[in-house]
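Me: I have a structure open on my screen and would like a close look at one part of it. Could you walk me through a single helix and its surroundings, in plain language?

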Amino acid sequence: MKMSVRVVRKNKKYAQTKKQIRSQIEEIITFGLNGTRNTAITGITQGKKSGAVRSDGSIASAVGEFPATDTGFLQSNIVVKRDTDGLGGDVESRADYSAPLEFGTKNMGARPFMQPSLEENRPKIRRRLKAVFG
């Protein structure tokens, strides 16, 4: 005995629903990428600084805090890079001294700004995904 089943999508609702879900996912990804970037920039420019007082009167960041800004170069080099399919992306810090700040060196404690920014935005991203997928 032979048996076969064929499923045919006769209406446009499947394609429409698929398109709506993809659009919602792309919006959530955009929200997450931009939110993470904005949190990093805000933390650098406005975050708590409790390090040494510099000769110009400004206050440096302490170990564990977002790095303090001098010239604005660091925050101006934090960029969002979208995947070509729209379903992913990266937040990158392109300043050449980003990694030493984020992870520290043998002579300087870390002043992370990228990972804390992602962690601050992670619950917001998850809530939006949960709203779509339940």
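What follows is a close look at helix H4 and the parts around it.

Reply: Happy to help! Please keep in mind that this is a predicted model.

Let's start with the helix itself. H4 covers residues 114-133, which makes 20 residues. From its first C-alpha to its last it reaches 27 Å, close to the 28 Å expected at 1.5 Å a residue. Along the way there is a kink of about 35° at Asn121, shortly before the proline Pro123. Just after the helix, Gly134 takes a positive phi of about 75°.

Now for the buried side of the story. The buried residues of H4 are Met114, Ser117, Asn121 and Ile125, so Asn121 is both the site of the kink and one of the buried residues. Their cover includes two helices, H1 (13-46) and H3 (98-103), together with the strands S1 (78-82) and S2 (89-93).

H1 deserves a longer look. Its 34 residues should span 50 Å at 1.5 Å a residue, and the end C-alpha atoms are 47 Å apart, which agrees. The axes of H1 and H4 come within 8 Å and cross at roughly 160°. Angles over 145 degrees count as roughly antiparallel, and the two helices are therefore roughly antiparallel to each other. Their crossing is right-handed.

Which residues meet where H1 and H4 are in contact? On the H1 side they include Ile21, Ile25, Ile28, Phe31, Gly35 and Thr39. On the H4 side, Met114, Ser117, Asn121, Ile125, Leu129 and Phe133 are among them. You will recognise Met114, Ser117, Asn121 and Ile125 as the buried residues of H4. H1 has buried residues of its own, among them Ile28, Gly32, Gly35, Thr36, Thr39 and Ala40. The buried residues of H1 pack against helix H2 (73-76), S1, S2 and H4.

Gly35 is a handy residue to click on. It sits in helix H1 and has a relative accessible area of 16%. The cut-off for buried is under 20%, so Gly35 counts as buried. Gly35 and Ser117 are 82 residues apart in sequence, yet their C-alpha atoms are 8.3 Å apart in space.

One last stop is the loop between S2 and H3, where you will find Arg94. Leaving aside residues up to four places away in sequence, Arg94 touches Asn77, Val79 and Lys81. Arg94 and Leu74 are 20 residues apart in sequence and 7.9 Å apart in space, C-alpha to C-alpha.

Technical notes
Residues numbered from 1 in each chain as written. Predicted model: local features only at pLDDT ≥ 70, side-chain atom pairs only at ≥ 80, totals over all residues. Heavy atoms only, no water. Helix = DSSP H or I, 4+ residues; strand = E, 2+ residues; numbered from the N terminus. Expected span 1.5 Å × (residues − 1). Bend = angle between axes of the 7 residues up to and from the residue. Buried < 20%, exposed > 50% of the residue type's maximum accessible area, 1.4 Å probe, protein only. Contact = heavy atoms within 4.5 Å. Axes fitted to C-alpha atoms, helices over the stretch in contact; angles between N-to-C directions. Parallel < 35°, antiparallel > 145°, perpendicular 65-115°, else oblique. Left-handed = near helix turned anticlockwise from the far one by under 90°.
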